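Subject: Structure handover

Hello,

Here is the structure we spoke about. Please open it alongside this note. What I found follows below.

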Amino acid sequence: VQRSHRALRGVGTLAIGMGMLATGILLITARGGIPLWVSIIVANALIQTAYVVNWRGIRRLIGAEPLSPVFFAIPLVVAAAIAYYWDDAAALGLRMGFGQTSAGVLYLLQGMDLTRRWRSGGLGQRLLGAGLLIHGGFLLIAGIAAFLSDAGGDIHAGSPFRAMLVLEGFAAAVILVAAIFLTINDRLIGELNLQATIDPLTEAYNRRAFYMIAEKDMSRFAR
């Protein structure tokens, strides 16, 4: 998508965020073959930062105002908290709690941000907002459960909730990626409509737009 639509605002930012997210996940899955601090500290820092970068990309994509730099402090705080407990084997629950709670809060904020613009958005934007709210709520519950686990252990290990978490994460990834592509498609259609109705030299409505507006007003007058 980035190579096909480089001029579309937000696509490049989303590409960077998705790349950071994929790199962080790969570092976690490579645990054991790489230094432990890389698979914990660096991986979680990349993943948490990717959430905010993707949020910035989504806002640019839908034409909203830029995201405040203050939100980039959230992944820094979470990464610092995880780094503090990175070599504590008994603190797995705490690390999961920090990561999942932060992800849940960021996804919920993104979902609420998009739902405020549902009237002006298309199907992709609505699906993206709903998916972010559902996924964010699920991750927030998982993070709180990890914080409440005994002695900071992994409350998800060996439980049906672990399988639910994996299935929900997979379903959310499919839905969110589809919603992003739909949002990009809606934005491209909007750009084409502008090019078809706005004169590029004067930035005024062209003849096509004049007739479209006139037909709409005439039909409304006839009623």
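Start with I175, which is found in helix α6. I175 is partly exposed, because its relative accessible area is 38%, a value between the 20% and 50% cut-offs. Please keep in mind that this is a predicted model.

I175 also belongs to a surface patch. Together with L123, L127 and L182, I175 makes a nonpolar patch of about 330 Å². Two elements each give two or more residues to that nonpolar patch: α5 (123–147) and α6 (160–197).

Now the whole chain. The protein chain holds 7 helices and 0 strands. Read from the N terminus, the order is α-α-α-α-α-α-α. The protein chain has 223 residues, and 36% of them count as buried. The exposed area of the protein chain is about 13000 Å², with 68% of it supplied by carbon and sulfur atoms. I also looked at contacts between residues at least 6 apart in sequence. Of these, 64% join residues at least 24 apart.

Next, helix α2. Helix α2 covers residues 36–61, which is 26 residues. At 1.5 Å a residue it should span 38 Å, and the end C-alpha atoms are 36 Å apart, so the two values agree. There is a bend in α2 all the same: a kink of about 25°, centred on A43. After α2 comes G63, with a positive phi near 80°.

Two residues of α2 are worth a look on your screen.

The first is V52, which lies in helix α2. Is V52 buried or exposed? V52 is buried, because its relative accessible area is 0%, and under 20% counts as buried. Which residues does V52 contact, leaving aside neighbours within four places in sequence? They are L67, F71, F72, P75 and L106. Take P75 from that list. V52 and P75 are 23 residues apart in sequence, yet their C-alpha atoms are 7.9 Å apart in space.

The second is N54, also in helix α2. N54 is buried too, because its relative accessible area is 9%. Not counting residues up to four places away in sequence, N54 touches L14, G17 and M18.

To look at these yourself, go to I175 in α6, then to V52 in α2, then to N54 in α2.

Best wishes

How values were computed. Residues are numbered from 1 along each chain as its sequence is written. This is a predicted model: local features need pLDDT of at least 70, side-chain atom pairs count only at pLDDT 80 or more; totals for chains, interfaces and linings use all residues. Side-chain values use heavy atoms; hydrogens and water are left out. Helices (H or I, at least four residues) and strands (E, at least two) are DSSP runs, numbered from the N terminus. Buried means under 20% relative accessible area, exposed over 50%, partly exposed in between (1.4 Å probe, protein chains only). Contact means heavy atoms within 4.5 Å. Accessible areas come from the Shrake-Rupley method with a 1.4 Å probe; for residues, only the protein chains shown count as cover. Patches are made of residues with over 30% relative accessible area and no salt bridge: like charges are joined within 9 Å, nonpolar side chains (Val, Leu, Ile, Met, Phe, Trp, Tyr) within 5 Å. A salt bridge is a side-chain nitrogen of Lys or Arg within 4 Å of a carboxyl oxygen of Asp or Glu. The expected span of a helix is 1.5 Å times one less than its number of residues. The bend at a residue is the angle between axes fitted to the seven residues ending there and the seven starting there.
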